[in-house]
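Hi everyone, thanks for coming. I'll put the structure up now, and then we'll walk through a few parts of it.

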Amino acid sequence: MFSDGYFQTELYKRRWIMLAVFCLLSMTNSGQWLMFAAVSDVVQSYYGVSAFGVNCLSMVFMAVYIVFIIPGSWILDRYGLKVNTLLAAGFNVLGAWLKFCGASSKGGFNWLVAGQTVTAVAQCFILGVPPRLAAVWFGQNERATATALGVFASQVGVALYFASVPLIVPRSSDLMITSNGFQMLYGGVSILCSLIGAATLIAFEDAPPMPPSQSQAVLQEKQKCFRMSYKESFRRLFGNASYVFLLLAYGIYAGVQYSIATLLNEMASQKFPNQDVMIGLLGFVFVISGLPTTVLAGVWLDRTLAYKRGTIFLLSTAFLAMVAFTITLEFARSIYGLFLVIAVLGFCATSFLPLGFEFAAEITYPVPEGTSAGILNTSAQCFGIFFIVLIGSLVEKAGALVGCLVLCGALLLSVGLLPLVRADLQRRSVDMYGEEAMDTSLPDGERFGSSYQQIPMIVSD
């Protein structure tokens with residue numbers, strides 16, 4: 001410790017190597033989540049299953065996350081980044097090879113479900129890593145950027161699979177061509193996951209020798225005599241009204257995004273049949289258009305701390321873009337008209353992910369970042385399942401217009417919840433004012449330490 005309340009900190013170059021390896025791991029995992037969405041009709045005919053059966057290959061990721069998020073978050077908090085990420089890489093490799101066993105049309109779908117389920121378990125150890133990795137290894141002016149890059153990789157994976165899978169597995173009346181396409185897809189993914197798993201084993205470490213920021217140093221010092229239990233973390237999170245409002249807004253938004261990504265083929269093919277490759281490109285544009293803003297949003301947050309204004313702006317624009325998408329899908333005579341509006345929708349929707357993680361970490365400090373992010377993702381999965389089942393049924397029975405209108409209403413609701421979030425940036429206060437600010441980060445009667453001083457709290461507009 002340099003002086004009262006302030007600790008020595010240091011940044012290590014290794015942090016960028018770890019972030020790069022994690023990004024590759026996240027890309028391969030997230031891509032497998034929606035790898036069948038762009039060729040859902042091909043999967044139906046090849047394996048002889050219903051549209052709901054194909055949608056279940058996506059929804060299993062959400063259902064498994066809800067079941068495994070508590071042990072996943074506990075392992076991240078209790079055993080650290082290395083053990084958590086190695087488990088993620090192991091399950092990711094196993095799930096990919098199980099899908100490789102499902103290339104045959106006879107009985108292959110069962111292997112597909114098994115592989116997707118195991119890969120979904122890997123996701124439980126992956127989604128909470130970006131804010132945790134950023135907090136443990138990166139400085140206070142890099143955290144939002146590092147989190148944004150971690151989320152960025154996930155979206156890149158989805159985009160690459162959306163664009164490439166229809167080319168690898170083309171629509172064909174020849175069963176052998178389709179079979180060869182699936183074998184090439186599963187085999188390539190399995191080899192790639194195995195190589196990244198080996199890189200993870202070599203690159204990852206739990207924590208640097210010296211903490212990267214004052215807030216992280218204070219936590220490490222306090223944990224020598226006090227460790228927050230998992231039960232206590234949950235109590236603090238759900239006792240924080242601002243976090244609960246953010247949790248609902250984030251879950252609704254993410255559920256809408258997941259349903260669009262999963263059901264885009266079904267919605268667009270009603271109006272534009274036999275356009276698999278173009279619809280796959282629509283999904284690619286939906287994801288890829290948000291990638292620049294995902295990174296820029298992280299850099300912008302590190303500079304301005306405007307969490308509340310940023311989230312409200314992005315979700316409001318996403319709502320307007322969803323309205324434009326609904327109108328265009330209903331009245332456009334060419335599929336090319338959808339590209340611009342879906343690019344704007346993706347531009348706003350995707351970049352909200354890192355803002356949500358970092359906003360939650362700030363207003364819930366000193367609760368572990370992996371726990372607050374894990375519960376955000378659980379909300380996203382619950383709403384994702386709800387919207388996919390509901391909108392999928394509406395699209396099939398009443399048409400894409402009705403489904404899109406419901407999604408518009410859901411986005412409007414999420415925008416209305418954000419003004420209720422109070423933007424008290426507790427972690428940033430500790431970064432600026434040192435150890436003494438820790439006392440104002442906790443409720444009365446539950447503070448670390450014995451002394452209490454009134455330290456200014458940083459509040460974001």
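So, of the 461 residues in this protein, 61% count as buried, where buried means under 20% relative accessible area, exposed means over 50%, and partly exposed is in between, using a 1.4 Å probe and protein chains only. Keep in mind that this is a predicted model: local features need pLDDT of at least 70 and side-chain atom pairs count only at pLDDT 80 or more, while totals for chains, interfaces and linings use all residues. Residues are numbered from 1 along each chain as its sequence is written, and side-chain values use heavy atoms, with hydrogens and water left out.

How confident is the predictor? The mean pLDDT is 80, and 88% of the residues reach 70 or more; pLDDT is the predictor's confidence in each residue, from 0 to 100. Among the elements, helix H1, residues 14-33, has the highest mean at 91, and helix H18, residues 426-433, the lowest at 69. Over residues 439-459 the pLDDT is below 50, though this stretch has 49 contacts in the model beyond near neighbours in sequence. Contact here means heavy atoms within 4.5 Å. Where pLDDT is low, the predicted coordinates should not be read in detail.

On to secondary structure: we have 18 helices and zero strands. Those are DSSP runs numbered from the N terminus, with helices being H or I of at least four residues and strands being E of at least two.

Let's look at one helix pair. The axes of H3, residues 51-100, and H5, residues 129-137, come within 11 Å and cross at roughly 100°. Axes are lines fitted to C-alpha atoms, for helices over the stretch in contact, and angles run from 0 to 180 degrees between N-to-C directions. That crossing makes H3 roughly perpendicular to H5, since angles of 65 to 115 degrees count as roughly perpendicular, under 35 as roughly parallel, over 145 as roughly antiparallel, and the rest as oblique.

Now helix H10, residues 241-271, where we find Ser242. Is Ser242 buried or exposed? Buried, at 10% relative accessibility. A polar atom of the Ser242 side chain lies 2.8 Å from the backbone nitrogen of Arg422. Leaving aside neighbours within four places in sequence, Ser242 also touches Ile363, Leu420 and Val421, among others.

Leu247 is in H10 too, and is buried, with a relative accessible area of 8%. Leu247 and Ala373 are 126 residues apart in sequence, but 9.5 Å apart in space, C-alpha to C-alpha.

Key. Polar contact = N/O pair within 3.5 Å; in protein donor to acceptor, adjacent residues only side chain to side chain.
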